[in-house]
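Please walk through the model shown here, taking one chain on its own before turning to the place where two chains touch.

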Amino acid sequence: MSNIKIAKTLDARNLSCPLPILKTKKAIAEIGIGDFLEILATDPGSESDFQAWTKSTGHELADHSQDGGIYRYIIKRTK
Amino acid sequence: MSEKKKRIAIIASKADIPGAYPPLLLATTAAAMDYEVSIFFTFFGLNLLKKKKLKKVKITPAGETAMPMPIPQVVGMLPGMTAMATKMMKSWMKKANVATLQELMDIAIESGVELIACEMTKSVMRIKDKQLIDGCTPGGAATFLEYASEAEITLFI
């Protein structure tokens, strides 16, 4: 994880589905290709949603974790 | 991506809160997932394309047996009950930070979702083009079927 530099953080905490995904789509366009986007969310469904979203769009889910009800995703923009 | 985009075709036939949300939620999410998206607005669903209509979308408690309001069904038919149920539903949705229908429609337009207004419905309900939001295109059953025949997902809502 130490080699990952976060280019931007998206705070999607307390947002309901599908806003975390819709906002991620916008945010990823605002970072460079190869850069990393960090997303914070509280929607438990986001775990499977972000896996589906990265699978569908081809961006890379570099890391994800959960701590105290806060989900953290690191996505690498690949294109 | 240079490869062919996946495609989803949605029919929106309702214009109350439980009927209006699913097409717009799924369309915006599909667009965010790089799908090509088309929504065909027909029957009451066409109301969703009317200007300034989205704020006025309601829910009626009569017939919504799953609505968590502690009232008998017949009371739900009384004057004022639809307004009350709509207010309650909207406040729950706001508390849960659910996007508004207008926000979803704005995102849909911004992300290139194709909005097809059913021509037949327009004539039946005497809706003029100038009453509809900019950016929707006219179409009929054949338009939808031709598009849907190439879609991975087709939904009727």
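In this predicted model, a good place to begin is strand β1 of chain B, residues 7-12, which is mostly covered, since five of its six residues are buried. This strand has a partner in strand β2 of chain B, residues 36-41, to which β1(B) runs parallel and is joined by six bridges. Within that pairing, I11(B) stands opposite F40(B) of β2(B). The connection between the two strands passes through helix α1 of chain B, residues 17-32, and the resulting β-α-β crossover is right-handed.

β1(B) also pairs with strand β5 of chain B, residues 153-156, again in parallel, here through four bridges. I11(B) appears in this pairing as well, where it stands opposite F156(B) in β5(B).

Stepping back to the whole of chain B, its secondary structure consists of five helices and five strands, and these follow one another along the sequence in the pattern β-α-β-α-α-β-α-β-α-β. Among contacts in this chain between residues at least 6 apart in sequence, 75% join residues at least 24 apart, and buried residues account for 32% of the 157 residues. The C-alpha atoms of chain B fill a box of roughly 55 × 35 × 25 Å along the principal axes. For a chain of 157 residues, a compact globule would be expected to have a radius of gyration near 15 Å, and the 17 Å computed for chain B agrees with that expectation.

How many residues does each chain bring to the contact between chain A and chain B? Chain A contributes 13 residues and chain B contributes 12 residues. On the side of chain A that touches chain B, α1 (19-28) and α2 (46-57) of chain A each supply at least two residues, and α1(A) gives the most, with four residues. By character, the residues on this side of chain A divide into six nonpolar, five polar and two charged.

Helix α1(A) deserves a further look. Seven of its 10 residues are buried, so this helix is largely enclosed by the rest of the structure. The buried residues of α1(A) are L19(A), P20(A), I21(A), L22(A), T24(A), K25(A) and I28(A). What covers them comes from both chains: it includes β1 (6-12), β2 (36-41), α2 and β4 (70-76) of chain A, together with α1 and α3 (101-110) of chain B.

Technical notes. Residues numbered from 1 in each chain as written. Chains lettered and ligands numbered in written order. Predicted model: local features only at pLDDT ≥ 70, side-chain atom pairs only at ≥ 80, totals over all residues. Contact = placed C-beta atoms within 7 Å. Nonpolar A, V, L, I, M, F, W, Y, C, P; charged D, E, K, R; others polar. Buried ≥ 20, exposed ≤ 12 C-beta atoms within 10 Å, placed from the backbone. Pairing = 2+ DSSP bridges. Right-handed = clockwise from strand over helix to strand, strands pointing away. Rg over C-alpha atoms; globule rule 2.2 N^0.38 Å.
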